[in-house]
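The following report introduces a structure to a reader who has not met it before. It begins with a detail of one chain and then widens to the second chain and to the contact between the two.

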Amino acid sequence: MTESQVKAKSTPTGSLVSVQNVSMVFATGTVALKEANLEIGAGEFISLIGPSGCGKTTLLRLLADLIQPTSGAIRIGGKTPEEARKSRAYGYVFQAPTLMEWRTVLQNVMLPLEVMNFPAHERRPRAEKMLGLVGLEKFARSYPWQLSGGMQQRVSIARALAFDPQLLFMDEPFGALDEITRENLNLELLRLWRETGKTIIFVTHSIPEAVFLSTRIVVMTPRPGKIETVIPVDLPQPRDFETRETPQFFEIATQVREALRKGHGFEVQE
Amino acid sequence: MTRLRSPNLLPMLVVALVVVALYYPLMLLANVPVAQRALESGAALECKTALACASQLRSPVLPSPQQLLQGFRNLTFPLTAPTSILPNAWATAGNTLLGLLLATVVGFFFAIGIVASRAFERSLLPWVVASQTVPVIALAPMLVVVLGQYGVQGALPKAIIAAFVAFFPITIGVAKGLRSPDPLALDLMKTYNATQSQTYLKLRFPASVPYLFTAFKVAVTAALIGAIVAEISTVGFQQGLGRMLFENSRASDVVSIWVIMISSAILGILLVALVGWVERRVTPWRR
């Protein structure tokens, strides 16, 4: 696995991820996503926000080739999602840590490297480096059950980064965590994003989280799931806890809230 | 391990004590009429009253604890005599574990088939279920004869019969285990573009290990029964608790039959404990 294979190149139009008129209708007839259009540049941090049933997870799963769209075209670095998946262009962090309970923390981070046939001598140093990046090098030999929920999710982030994909898909990774842990992990994730230069697409239903993390927020609304609007977040980098206190932060949060309300995003809590 | 065993020991002993306390009057109740008849018939007995004789009958309805202890002594020493419990229990344990091994191979084969293919599940699972309704007591002598015809002798035919009753719980357990990974974990493997065999090797097999051991605990007792039944059905001189059972029941030695019965139960407990011990060794991530 060479670097060039792992890293997807930008499309001629300048966007790394391109979503054009993508619709997803499930076998049950549910329109999960209707004619979505989105261009994402390399190095961006994009949040998909909206209530349950707005199609944000669906969109992420479409990008990851875990499901295939009913119509429309998706390009990731000029490739189809399937090609991108097969060339291991992205790492995926799920809602749950999905760690293998029989593997130690280090072995969990080494899992993708084993599956992708990285040379044996490279796996351990790479995994150790990633654990260092998420601040868990001391827990390399622990088993997942010995870790807190937040730590487990950090392991799963380290695992997603282990094979150095350019793209990181994150599906409500901190949804199950308490507010304090979540804010700390948000800060840590921003640092990771700055240090690694990854492009991150992040699903959330927390407005402060989306505003704090993103360069742009994609507001989605349900029935049928669609992209309501895209709100740029021009808060200065690097952001820290004080960022959350600035008037600008509240201004953008209000914008997001209003966009959600406009699409009746607040009425639905399934 | 001590952590697990010591709290278990006391309740177990309490139960044993209660059983003995209940057993003793029951034994007297069952044996007194027989002792009475023996006294009346004028048989040469060393006891005077029916109550005293009840615990000393040669063919008791229920043997007295003293008789059982004596029986254990007789059947235990000398330790390595061919008629002693130890070598026979050893042989039965060997047959059982060999059977369990065969059952595991067959069980995995069926379990993978069931998980990988709907058609396999639909066409074969009913027959697998049907196979378990065949009484092993009827099947065993027939299989022994058939296998003997092809020169399969010694431990193998008994292990095959043991495997016949043991593979079913293993099949079901492993199939459940192979299906146990979270859908997200399967998605995760897909994002790695993992091959089918990698998904089995890295995800489905390790995930099924706890299920396998749960199945083993059921299967090993089933295999033990299978092995004993097979030993009873085997002609010629062979070792095993089943063989002992057969010889002593032909000699109408009631006390010995009881002793062998209890020994098989103890062997069963030991085998389950062995499974538990191996489980703790190979799944260090649990607890």
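## A hairpin in chain A

M24(A) stands opposite L33(A), a residue of strand 2 of chain A. The model in which this pair is found is predicted. Strand 1 (residues 15-25) and strand 2 (residues 31-41) of chain A pair in the antiparallel sense, and seven bridges join them. Together, strand 1 and strand 2 of chain A make a hairpin with five residues between them. In the turn, G29(A) has a positive phi of about 95°.

## The annotated domain and helix 6 of chain A

UniProt, in an unreviewed entry, lists residues 17-247 of chain A as "domain: ABC transporter". Helix 6 of chain A covers residues 149-161, which is 13 residues. From first C-alpha to last, helix 6 of chain A reaches 19 Å, close to the 18 Å expected at 1.5 Å a residue.

Is helix 6 of chain A mostly covered or mostly open? Helix 6 of chain A is mostly covered, with eleven of its 13 residues buried. Among the buried residues are M151(A), R154(A), I157(A) and L161(A). The elements that cover the buried residues of helix 6 of chain A include strand 5 (90-93) and strand 6 (167-171) of chain A. Helix 4 (105-115), helix 5 (120-133) and helix 7 (179-196) of chain A are also among them.

## Annotated spans in chain B

For chain B, an unreviewed UniProt entry gives the annotation "transmembrane region" to residues 12-32, 97-117, 124-147, 159-178, 211-235 and 255-278. The table sets two of these spans beside the annotated domain of chain A.

| Span | Helix | Strand | Distance between end C-alpha atoms |
|---|---|---|---|
| Residues 12-32 of chain B | 100% helix | 0% strand | 30 Å |
| Residues 255-278 of chain B | 100% helix | 0% strand | 35 Å |
| Residues 17-247 of chain A | 34% helix | 26% strand | 32 Å |

## The contact between the chains

How many residues does each chain bring to the contact? Chain B brings 14 residues and chain A brings 18 residues. On the side of chain B that touches chain A, the elements giving two or more residues are helix 8 (183-191) and helix 9 (196-233) of chain B. Helix 8 of chain B gives the most to this side, with six residues. By character, the residues on the side of chain B that touches chain A comprise seven nonpolar, three polar and four charged.

Key
Residues are numbered from 1 along each chain as its sequence is written. Chains are lettered from A and ligands numbered from 1 in the order in which they are written. This is a predicted model: local features need pLDDT of at least 70, side-chain atom pairs count only at pLDDT 80 or more; totals for chains, interfaces and linings use all residues. UniProt positions are given in the numbering used here, feature names are shortened, and annotations may be inferred rather than shown by experiment. Helices (H or I, at least four residues) and strands (E, at least two) are DSSP runs, numbered from the N terminus. Two residues are in contact if their C-beta atoms, placed from the backbone, lie within 7 Å. Ala, Val, Leu, Ile, Met, Phe, Trp, Tyr, Cys and Pro count as nonpolar, Asp, Glu, Lys and Arg as charged, and the others, Gly among them, as polar. The expected span of a helix is 1.5 Å times one less than its number of residues. A residue is buried if 20 or more other C-beta atoms lie within 10 Å of its own, exposed if 12 or fewer, and partly exposed in between; C-beta atoms are placed from the backbone. Two strands pair if DSSP finds at least two bridges between them.
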